[in-house]
Amino acid sequence: MPNAFYVTTPIYYVNDVPHIGHAYTTIAADVLARLARLRGDAVFFLTGLDEHGQKVQQAAAKAGIDPQTHCDQLMPKFKDLWEKLNISQDGFIRTTDAQHQTIVQHCLQTLYDKGLIYQAEYTGWYCTFDERFWTEKDVLEGLCPDCRRPVEQVSERNYFFRMSQFQDQLKEHIHTHPEFIQPDSRRNEVIGFLQKPLGDLSISRPKSRLSWGIELPFDRDCVAYVWFDALVNYISALEYLSAHPDAPTFWPASVHLVGKDILTTHAVYWSTMLMGMERPLPQCLFAHGWWTVEGEKMSKSRGNVVDPSAMIEEFGTDAFRYFLLREVPFGQDGNFSLAAFHSRYQAELANDLGNLVSRTLAMLGNFSQHTVPHPDPQTETEFDHQLQQTTSTLFGTIEEHLHRFEFHRALEAIMGLVQLANQYIDKTAPWILAKDPARAARLQTVLFHLAETLRFLSYALTPFMPHTAEAMNRRLGLTADISTSLLSNYPPWGTYTYNNPVSKGTALFPKKDIPATQGSQTTPTSSPPASKNPQALGSSGKSSPLAIPTDDTPQIGIDEFMKVQLKMAKILEAERVPKSSKLLKLQVDMGTQQRQIVAGIGKKYAPEELVGKTIVVVANLKPAKLMGVESQGMVLAAGEKDMLGLLGVAEDLPPGTTVK
Ligand code: MSP
C-alpha cells in the first residue's frame, strides 16, 4: 500500500480575483504534491474556495448580485489561474457544495450532542472586516488589533464551542509533536498564545445580521461562523471529492499550508474542533510569510496588487513559479520587485539554465549527429566524477530540503548543478576537442556527461517547473513521461539508453528586452536632456535626468524619484567592449550579488584605474544590451556632453548600501 500524502492550501475567499498571495501557497502545495507523486505516494492535493461569510456577502452586495451568483462568477477566475499555473490539484472544493454543507451540519450536530456547543449571550467588540469578536483588552483605542479598522460593540445570543476545554490537550500535543507547527518561530507564537487562558469560540451568527452561511441544524435562525464552515473543508472534501476510491485514508492531512495570518485559526480553532470530534490532528501546519510589493504592503487601494496572469503572460508560468519559491525562504516575509524578478529571470533562467540546455543540445547536434554518444571511461577526469556525483545525488538533496519546506534551497541546489555544468563546458571546451580527431573519445565522454546531467536536471525540475522539465525531456529525446516516472524506477546515472535524436528547439527562457527605465524620465542620447548633473550612463546608453529639474526639465514627485533604486557598488573588473571607444564592461559587487554593467565612460577612464572604486549605480534598471553586451544597471556620472567623473560618496561604504 503506498504512503498517503494529503496536502492542502487554505480555501480562498471569493471576495475578489486571485493575487500573488493565493498563487504562492498554491504553487508551493503543487510542488509538494508533484514530488510526492514522483516518490510513489498516493496523493490528494486539495484547494478551493471559501464562499460564505460576511466578506463574500458584502462583495456580492457591492456588485449588486446575490452571493451565489457572485461566487459562480468569480470561481472560474481561480480555476483558470490554477490551470495557467499548471496546478495539479486532485480536488477543488467550494463551501457552497451541497455535500460540504451537509457535512458541516453533521459536525455541528456531533459537537452539540456531546454537549460541546452551548448557547449564551455575548457582548463584545466586533470587527466586521475580520468577522470576529475581540475582548475589551484586545481592542486598541477603538480599533481592531489585527486590521486596525474601527470595531463596534455588539450584543447577541450566540452558540459557543467549548474550545477552552481542550487547551491543555492542545498544549500537550504541541509539546509532544515538534513537527506539528512549523517553522519554529510560528510554533513559539502559538505556544505563547496558549499561555493565556483560552476562551470558548463563538461559532454562530444570527441570520438577522448575516444570512450567507450554513444553517445550524439545531437552530434555524442562525448560520455557522464562516471559519467553522471553512475549516471543515479539509475533512469534508475527502468524503466526496477524493478521486481514489480504494486509496488509503487521507486523514490526518500530511500538511496544511497556510499564511502566517491564519495560523491561529488553524492551530487553535481547527485543532480543538478536531479534538472535540475525536479525530486526529493534521501532521503539520506550515505557516509561510507574506509578500510585500516593491517594499509596500500589497493592497487594492495602493494599486500594487500583483496579477499572476500578467506575470505569466510576460515571463511564462515556470519563471513565475521559480521566482516565488526561489526568492524568499518559505517561512519568511519577502518583497516582490520587478527588478529582482528581471534579474533572476535573466541571470538564472535565461543565462544559466536556458544557456546550458541550448549549448548542450547544439553541441550534441554539431559534434554528435543529434545523438547522445557512449562515454569512454578511459577518458574520464576528476571533474567528470564531480559532475556525476552532484547530479546523481541531486534528487536526494531536493527531498531533504523539501522535507523542511526549504523550497529556495532545493532550487539553489538545482541551479548549483546548472552552474557546475556550465563551468564543465567552459573547462572541457568541446568545440576544441571536436577539432582534434585524436580526442574523439574524450569528446564523446564530455557530451555524454552533459546529456546525463540534463536528464537528471529535467527530472529534478519536474515538481517546480513542469513545462520546462517536459521541454528538456522532449529535446533530449527521452521517452519516459517524467511527471509519472517513479523516483525508485528512475534509471541511475549511465544506465539510460538514448535511442531518439535530440533537437535544440527554441530558447526555453528567451531574453527579454527590458523597457527603457522604471521611471518615465529617460530620454535618448540623441536628444540629451537639458539637465545639469549628474548624468546617468549605462544600460540603455541613454542618459537619465536624475537631476534637480531646471526650467525646461519636467518636475517629478518624490514618489517617482523613489522608484529609482540607487546603490553603492564596488568595481571588481573592467574591460573595454570590443569595437567601442566609449563603452566599458564592468563587473560590480552589489553586496548580495555580482552584476555586469556596461557604461559609456571609456574615454575618461582606462579599465585598470577603475578596479576597486566604489561608485553609485541604478540597481533597478531593466537589463538591456549595448553593442551586444548585456548591461544589468547603470552607473551615475557627472558631465554633460562629455563624461567628467563617476559618482561616489565621501565615505568608503560597503557595496549594496542604498543611496537616497
Ligand atoms: N478563507 C480564509 C482561509 C480559510 S482556510 C480554511 C482566508 N482566505 S484569504 O483569501 O483571505 O487568504 C488566503 C491566503 O492568502 C492566506 O493564507 C493568506 O495568508 C494568503 N495571503 C493573502 N495575502 C498575502 C500576501 N500578500 N502574501 C502571501 N500570502 C498572502 O484567509
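**Aromatic pairs, salt bridges and helix packing**

Okay, let me start with one residue: Phe 448 is buried, with a relative accessible area of 6%. Buried here means under 20% relative accessible area, exposed means over 50%, and partly exposed is in between, using a 1.4 Å probe and protein chains only.

Before I go on, some housekeeping. This is a predicted model, so local features need pLDDT of at least 70, side-chain atom pairs count only at pLDDT 80 or more, and totals for chains, interfaces and linings use all residues. Residues are numbered from 1 along each chain as its sequence is written, and side-chain values use heavy atoms, with hydrogens and water left out.

Now the overall picture. The protein has 660 residues, and 55% of them count as buried. Its C-alpha atoms fill a box of roughly 85 × 70 × 45 Å along the principal axes. On secondary structure, we have 20 helices and 26 strands; these are DSSP runs numbered from the N terminus, with helices being H or I of at least four residues and strands being E of at least two.

On to the aromatics. How many aromatic pairs does a search of the whole structure find? It finds 34. Phe 315 and Phe 341 make a tilted one, at 4.7 Å centre to centre with 55° between the planes. To pair, rings of Phe, Tyr or Trp (the six-membered ring for Trp) need centres within 6.5 Å; planes under 30 degrees apart are stacked, over 60 edge-to-face, and the rest tilted. This pair links distant parts of the chain, since Phe 315 is in helix H10 (residues 308-315) and Phe 341 in helix H12 (residues 338-368), 26 residues apart. Both partners are covered: Phe 315 is buried at 6% relative accessible area, and Phe 341 is buried at 1%.

Then back to my opening residue. Phe 448 pairs with Trp 493 edge-to-face, 6.4 Å centre to centre and 90° between the planes. Phe 448 lies in helix H17 (residues 440-461), whereas Trp 493 is in the loop between helix H18 (466-475) and strand E17 (535-538), so the pair ties together parts 45 residues apart in sequence. Trp 493 also counts as buried, at 13% relative accessibility.

There's a cluster to look at too. Phe 315 and Phe 341 both belong to one aromatic cluster, whose members also include Tyr 24, Trp 291, Phe 323 and Phe 509. Phe 323 takes us to helix H11 (residues 317-327), which is mostly covered, with ten of its eleven residues buried. Among those buried in H11 are Phe 323, Asp 318, Arg 321 and Arg 326.

Next, charges. The charged end of Arg 39 sits over the ring of Phe 5, 5.7 Å from its centre. The cut-off is NZ of Lys or CZ of Arg within 6 Å of the ring centre and within 35 degrees of the ring normal. Lys 604 does this too, over the face of Tyr 605 at 5.8 Å from the ring centre.

Arg 39 has another partner: it forms a salt bridge with Glu 399, the closest N and O atoms being 3.8 Å apart. Why does that pair tie together distant parts of the sequence? Because Glu 399 lies in helix H14 (residues 394-403) and Arg 39 in helix H1 (residues 20-39), 360 residues apart. Glu 399 is partly exposed at 23%, and so is Arg 39 at 34%. A salt bridge, by the way, is a side-chain nitrogen of Lys or Arg within 4 Å of a carboxyl oxygen of Asp or Glu. The whole-structure search finds 26 of them.

Elsewhere, Glu 215 bridges to Lys 207 at 2.4 Å between the closest N and O atoms. Glu 406 and Arg 409 come in at 3.7 Å, and both sit in a salt-bridge network with Arg 326, Arg 404 and Glu 412. Arg 409 is partly exposed, at 37%.

Last thing: helix packing. H14 and helix H15 (residues 407-428) pack at about 160°, with axes 7 Å apart. Axes are lines fitted to C-alpha atoms, for helices over the stretch in contact, and angles run from 0 to 180 degrees between N-to-C directions. H14 and H15 are therefore roughly antiparallel; the classes are under 35 degrees for roughly parallel, over 145 for roughly antiparallel, 65 to 115 for roughly perpendicular, and oblique for the rest.
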